[in-house]
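User: I've got a protein open on my screen and no idea where to start. Can you walk me through some of it?

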Amino acid sequence: PLHTALILPRGIPTLDAPISDPLRYIRQLDQHVTHRIDTLKQLGRRLVYPSVLFAGLLVNAVVMHTVVVPSLYTLGDPPMALSLYNRGVHALAAHRWDSLLGLGLVASLAGPWLCARIQRVWDRLNRDWHTATALTGIHMRVTQGLPIHSCLRHAGIPPDPSTRISDALAAAFQLSPVHRHRLAIGEQSGDWESHLAGIIHGLTASHQDRINRCIALIPALLLVIIGGYMLVFFSILFQPLSQSIYNL
């Protein structure tokens, strides 16, 4: 049967009853998957520029360390900052196993904490998308004629007779007051279908806007890193270059 043969995206539960309107069900599923694909494509396109900046930073670092820094020794006594830098590099090379052991110890201690923080940030960034996916599963079941109570039970939300369905649904997914009010209207009018569709559309649009704003910050952060990196090397190069210009 179609309701058991479909392989659905994670977060959308399969139906435990035959699909009454297969064409509509497939259209809803296609709309949800297409939005995810479009978001990933847009993410890939917008990451091209930050990737080029990061590649330029790596090329610049290689040129600085292999060409520019060694040539400073031909201009006379190296500056103090360069001498300290070389001492640090030689110390790391002389005690590389101790350095690797210390780095591994720090990584083993800080790794779980850092992974947990990254996962928390990632979940917060995609919270609207996960909520929209769960609501899409409920919406797809409602449009197939299933009662809202069975849809909530299937989504893991046990209905409470003393609590309105809209309040239970909004509390389970931590929806905003605007979405809670819209669910209340859908409960009073009995039109769950259109109101759930509007909430899902708003959540997906909010998720896409949040992703775009986060991606827009990446080039700015890379430019700040590149600027700080160039400022450090300019401070190192300033003394020998000024001395060579003075000698000329």
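Analyst: Let's begin with some vocabulary: a residue is buried under 20% relative accessible area, exposed over 50%, and partly exposed in between (1.4 Å probe, protein chains only). What you're looking at is a predicted model, where local features need pLDDT of at least 70, side-chain atom pairs count only at pLDDT 80 or more, and totals for chains, interfaces and linings use all residues. Residues are numbered from 1 along each chain as its sequence is written, and side-chain values use heavy atoms, with hydrogens and water left out.

User: Okay, let me try that out. Does Gly202 count as buried, exposed or partly exposed?

Analyst: Find Gly202 in helix α10; helices here are DSSP runs (H or I, at least four residues; strands are E, at least two), numbered from the N terminus. The relative accessibility of Gly202 is 28%, so the label is partly exposed.

User: How far is the C-alpha of Gly202 from that of Asp128?

Analyst: Along the chain, Gly202 and Asp128 are 74 residues apart. In space, though, the chain brings their C-alpha atoms to a separation of 9.1 Å.

User: What is the distance between the end C-alpha atoms of α9?

Analyst: Start with what to expect: the span of a helix should be 1.5 Å times one less than its number of residues. Helix α9 takes in residues 177-189, which is 13 residues, so the expected span is 18 Å. The model agrees with that, because the end C-alpha atoms of α9 are separated by 18 Å.

User: And α6, how long is that helix from first C-alpha to last?

Analyst: We can play the same game here. With 16 residues at 1.5 Å a residue, α6 is expected to span 22 Å. The value in the model is close to that, at 23 Å.

User: How many residues of α6 are buried?

Analyst: Think about how covered the helix is. α6 is mostly covered. Out of its 16 residues, the buried ones number 13.

User: Back to α9. How wide an arc do its buried residues cover?

Analyst: An α-helix has 3.6 residues a turn, so residues three or four places apart point the same way. The buried residues in α9 are His179, Leu183, Ala184 and Gly186. They sit on the same side of α9, because their arc around the axis (taken from the directions from the axis to the C-beta atoms) is only 160°.

User: Which residues are exposed on the other side of α9?

Analyst: Turn α9 around so you face away from the buried side. There you'll find the exposed residues, namely Pro177, Val178, His181 and Gln188.

User: Which residue with a positive phi follows α9?

Analyst: Step just past the end of α9 and check the backbone angle. Phi there is near 80°, and the residue is Gly190.

User: Gln174 has a positive phi too, right? What is its value?

Analyst: Gln174 sits in the loop between α8 (165-173) and α9. At 60% relative accessibility, Gln174 counts as exposed. Gln174 is not a glycine, yet its phi is positive, near 55°.

User: Last one. Which residues does His195 touch, leaving aside its neighbours within four places in sequence?

Analyst: His195 belongs to helix α10. Its relative accessibility is 15%, so His195 counts as buried. Contact means heavy atoms within 4.5 Å. With those sequence neighbours left out, the contacts of His195 are Arg182, Ile185, Gly186 and Ser189.
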